[in-house]
Amino acid sequence: MKKDLLGLKDLSAESITAILNEAQEMKKIVCQTEKKTKDLAGRTVVNLFYENSTRTRLSFELAAKYMSANAANITASGSSVQKGETLIDTAHTINAMGTDILVMRHSMSGAPHLIAPLVNASVINAGDGMDEHPTQALLDMLTIIEKKGSVKGLKIAIIGDIYHSRVVRSNIYGLTKLGAEVSVGGPSTLIPPEMEKLGVKVFNSVHEAVIDADVVMGLRIQLERQKSGLFPSIREYYRFFGIDEKRLKFAKPDALVMHPGPVNRGVEFSSSVIDGDQSVINEQVTSGVAVRMAVMKILSNGGFNE
Ligand code: CP
């Protein structure tokens with residue numbers, strides 16, 4: 001049994017499907033007035049975030065509370081990390097307080113993989129460096145399935161800062177395991193060479209990447225992680241890769257517009273596309289609570305059967 005959710009690379013299609021099936025049930029609870037289950041009654045969930053977050057941190061906290069868990073948050077900036085305490089000592093300290101589920105976000109790729117074998121708690125990767133963000137990809141898949149019925153056979157175009165994105169890696173692993181056809185597009189400096197080895201098509205023109213797509217997913221240009229030379233300028237990026245209503249017409253007429261957030265308006269998408277009829281960006285946020293409830297329920301019941 002796997003007690004942790006560290007990524008989708010090493011998770012089977014069966015386990016991914018099990019999470020998505022459970023999340024569909026959880027979404028009904030999220031959308032009703034009375035949001036309460038007893039699934040995590042008496043359990044303790046701690047969010048340990050070394051990087052900023054709005055959606056992921058709050059949705060894990062709400063998911064835990066909706067399932068009757070004790071939920072607490074700790075950020076690096078307000079903790080003894082500032083006094084020099086190491087990640088491993090911090091994790092041991094949180095584990096020693098009776099924590100059942102430790103949700104971790106860290107700027108270092110592999111940080112949750114380092115901690116998971118050292119603690120009794122189930123560790124959930126809430127984003128590690130440029131590696132993976134599994135619950136984001138799961139919520140993206142849940143949203144697609146709810147709108148399109150399945151991801152199998154769909155053409156998914158992912159456009160933006162592929163190089164720095166943990167979201168794209170988790171989505172590629174998850175979507176291809178469930179039978180989708182994934183293409184990525186962006187400036188060649190922001191597409192790492194290993195992409196083609198992951199079984200996706202790579203395009204340096206937004207038109208080619210988006211043509212006939214069922215889903216157009218924009219990725220945030222991570223200005224805080226850009227090294228000089230990789231990124232031209234916001235104006236130039238938008239001119240060649242920004243998706244406005246005209247470029248969106250290359251995709252299928254009923255294509256979904258998705259973005260993990262936070263969005264840079266007028267960079268990845270025009271405001272008219274973000275707020276347009278095809279956008280499911282707010283629906284993704286709702287799916288996020290449901291997916292996190294499902295993952296925590298499965299982990300609290302012993303984990304993944306693999
Ligand atoms: N999508 C996502 O991870 O958003 P936050 O950084 O706000 O959690």
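**Group meeting: the ligand site and the strands of a predicted model**

Good morning. The residues around the ligand are S53, T54, R55, T56, R105, H133, Q136, P260 and G261. Please bear in mind throughout that the model is a predicted one.

I begin with the polar atoms at this site. An oxygen atom of the ligand lies 2.6 Å from an N or O atom in the side chain of S53. The side chain of R105 likewise has an N or O atom 2.9 Å from an oxygen atom of the ligand. P260 takes part through its backbone: one of its N or O atoms is 2.9 Å from a nitrogen atom of the ligand. On its own, the ligand has 260 Å² of accessible area, and the protein covers 90% of that.

Let me turn to E51, which sits in the loop between β1 (44-49) and α2 (55-66). Is E51 buried or exposed? Its relative accessibility is 16%, and buried means under 20%, so E51 counts as buried. What does the side chain of E51 contact? The partner is the side chain of R166, in a polar contact of 2.9 Å.

R166 brings us to helix α6, which comprises residues 166-177. After strand β5, the chain passes through α6 and then enters β6, and this β-α-β crossover is right-handed.

Now to the strands themselves, starting with β5. Residues 155-159 form this strand, and four of the five are buried, leaving β5 mostly covered. One pairing partner is strand β6, residues 181-185, in the parallel sense over five bridges. Within that pairing, A157 stands opposite S183. Another partner is strand β8, residues 215-218, again parallel, over four bridges. There A157 stands opposite V216, and I158 stands opposite M217. A157 therefore has an opposite residue in β6 and in β8, as the bridge assignment by DSSP defines pairing.

Strand β8 deserves a closer look. Which residues of β8 point one way, and which the other? V215 and M217 share one direction, while V216 and G218 take the other, and all are buried. In a regular strand, side chains alternate between the two faces of the sheet.

β8 also pairs with strand β9, residues 256-258, in the parallel sense over three bridges. In this pairing M217 stands opposite M258. Taken in order, then, one can follow the parallel pairings from β6 to β5, from β5 to β8, and from β8 to β9.

A further strand is β3, residues 101-106, where I101 is found. I101 is buried, with a relative accessible area of 2%. I101 and A64 are separated by 37 residues in sequence, and their C-alpha atoms are 9.7 Å apart in space.

I close with helix α11, residues 281-300. How far apart are its end C-alpha atoms? They are 29 Å apart; the 20 residues, at 1.5 Å a residue, should span 28 Å, so the two values agree. Of those 20 residues, 16 are buried, and α11 is therefore largely enclosed by the rest of the structure. Just after the helix, G302 takes a positive phi of about 115°.

That concludes the presentation; I welcome your questions.

Notes: Residues numbered from 1 in each chain as written. Predicted model: local features only at pLDDT ≥ 70, side-chain atom pairs only at ≥ 80, totals over all residues. Heavy atoms only, no water. Buried < 20%, exposed > 50% of the residue type's maximum accessible area, 1.4 Å probe, protein only. Helix = DSSP H or I, 4+ residues; strand = E, 2+ residues; numbered from the N terminus. Pairing = 2+ DSSP bridges. Right-handed = clockwise from strand over helix to strand, strands pointing away. Polar contact = N/O pair within 3.5 Å; in protein donor to acceptor, adjacent residues only side chain to side chain. Near = heavy atom within 4 Å. Areas by Shrake-Rupley, 256 points an atom, 1.4 Å probe, with all protein chains shown as cover. Expected span 1.5 Å × (residues − 1).
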